[in-house]
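Here is a short briefing for a first look at a protein model. Keep the sequence and the 3D view side by side as you read.

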Amino acid sequence: GNVWEQIACLSEMVLSPEETFGKYKVKGVDLIIKRDGELYFSQIKTKQDTLTGSQLKRSRDELSVFKKSMFIAAHSLGDWTFSSHPKINRISGTDFWDLINLDYSEIMVHTTKTVKSIEFEMLKYFNKSK
């Protein structure tokens, strides 16, 4: 998930509390999104079906303390395990990246290249070790 945080922070609308405030972390918050004069305190996961049952309650508790919050899936994959909540918006894939003015198709081009490169290197390594 950390890689999606770092990519999201390329947007001038997004900041990472961890990087911005250093040792003063905001519990349960990966990103703060500045949109239309509002701050949205957010968690980001790789895909929609990332959370287990015990993580769901914790994420809801952490995000529901904020006036505006979001639960984000970087990719619209799988079924949502973070069910609807009246105080917490859910957003995923293209909708999220469009919200922060980053081109999702460009992100996917580079992600695909990176994964293929890693896969190629892994195959070389495993073929050597046989």
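Ile32 has a relative accessibility of 5%, so Ile32 counts as buried, the cut-off being under 20%. The model is predicted. Ile32 sits in strand β2, and β2 belongs to an open sheet of five strands. The points below start from Ile32 and work outwards.

**Around Ile32**

- Which residues touch Ile32, leaving aside its neighbours within four places in sequence? They are Met13, Val14, Leu15, Pro17, Phe21, Leu39, Tyr40 and Phe41.
- Ile32 and Ser16 are 16 residues apart in sequence. In space, their C-alpha atoms are 6.3 Å apart.
- Leu15 stands opposite Ile32 of β2.

**The chain as a whole**

- The protein chain holds five helices and five strands.
- Read from the N terminus, the elements follow the pattern α-β-α-β-β-α-β-β-α-α.
- The C-alpha trace spans about 55 × 35 × 30 Å along its principal axes.
- Of the 130 residues in the protein chain, 37% are buried.
- Take the contacts in the protein chain with a separation of 6 or more. Residues 24 or more positions apart account for 50% of them.
- The accessible surface of the protein chain is about 8,200 Å². Carbon and sulfur atoms make up 54% of that surface.
- The protein chain carries 19 positive and 17 negative charges. The mean positions of the two sets are 6 Å apart.

**The sheet**

- In what order do the five strands of the open sheet lie? The order is β1-β2-β3-β4-β5, and the pairing is mixed.
- β1 (14–15) and β5 (88–92) are the edge strands. Each of these pairs on one side only.
- Strands of a sheet pair through backbone hydrogen bonds, and the pairing may be parallel or antiparallel.
- β1 and β2 are antiparallel, with two bridges.
- β2 (residues 31–35) and β3 (residues 38–47) also pair in the antiparallel sense. Five bridges join β2 and β3.
- β3 and β4 pair in the parallel sense over six bridges.

**Partners across β2 and β3**

- Ile33 faces Tyr40 of β3.
- Lys34 stands opposite Leu39 in β3.
- Arg35 has Glu38 of β3 as its bridge partner.
- β2 and β3 form a hairpin with two residues between the strands.

**A helix across the sheet**

- Which strands does helix α3 lie across? Helix α3 (residues 53–63) lies across β3, β4 (69–75) and β5.
- The helix runs at about 165° to β3.

**His75 in β4**

- Is His75 buried or exposed? With 7% relative accessibility, His75 counts as buried, because buried means under 20%.
- His75 is part of strand β4.
- Lys47 stands opposite His75 of β4.
- Leaving aside neighbours within four places in sequence, His75 is in contact with eight residues named here: Trp4, Thr46, Lys47, Gln48, Ser92, Gly93, Tyr104 and Met108.

**Two residues with a positive phi**

- Most residues other than glycine have a negative phi.
- Asp36 is not a glycine, yet its phi is positive, at about 50°.
- Where is Asp36 found? Asp36 is in the loop between β2 and β3.
- Asp36 has 72% relative accessibility, so Asp36 counts as exposed, the cut-off being over 50%.
- Asn101 also has a positive phi although it is not a glycine. Its value is about 60°.
- Asn101 lies in the loop between α4 (93–99) and α5 (104–128).
- Asn101 counts as exposed because its relative accessibility is 58%, over the 50% cut-off.

**To recap**

- Ile32 in β2 and His75 in β4 are two strand residues to find on the model.
- Ile32 is buried, and His75 is buried.
- Asp36 is exposed, and Asn101 is exposed.

Definitions and conventions:
Residues numbered from 1 in each chain as written. Predicted model: local features only at pLDDT ≥ 70, side-chain atom pairs only at ≥ 80, totals over all residues. Heavy atoms only, no water. Pairing = 2+ DSSP bridges. Helix = DSSP H or I, 4+ residues; strand = E, 2+ residues; numbered from the N terminus. Contact = heavy atoms within 4.5 Å. Axes fitted to C-alpha atoms, helices over the stretch in contact; angles between N-to-C directions. Buried < 20%, exposed > 50% of the residue type's maximum accessible area, 1.4 Å probe, protein only. Areas by Shrake-Rupley, 256 points an atom, 1.4 Å probe, with all protein chains shown as cover. Lys, Arg positive; Asp, Glu negative; His and termini not counted. Charge placed at Lys NZ, Arg CZ, Asp CG, Glu CD.
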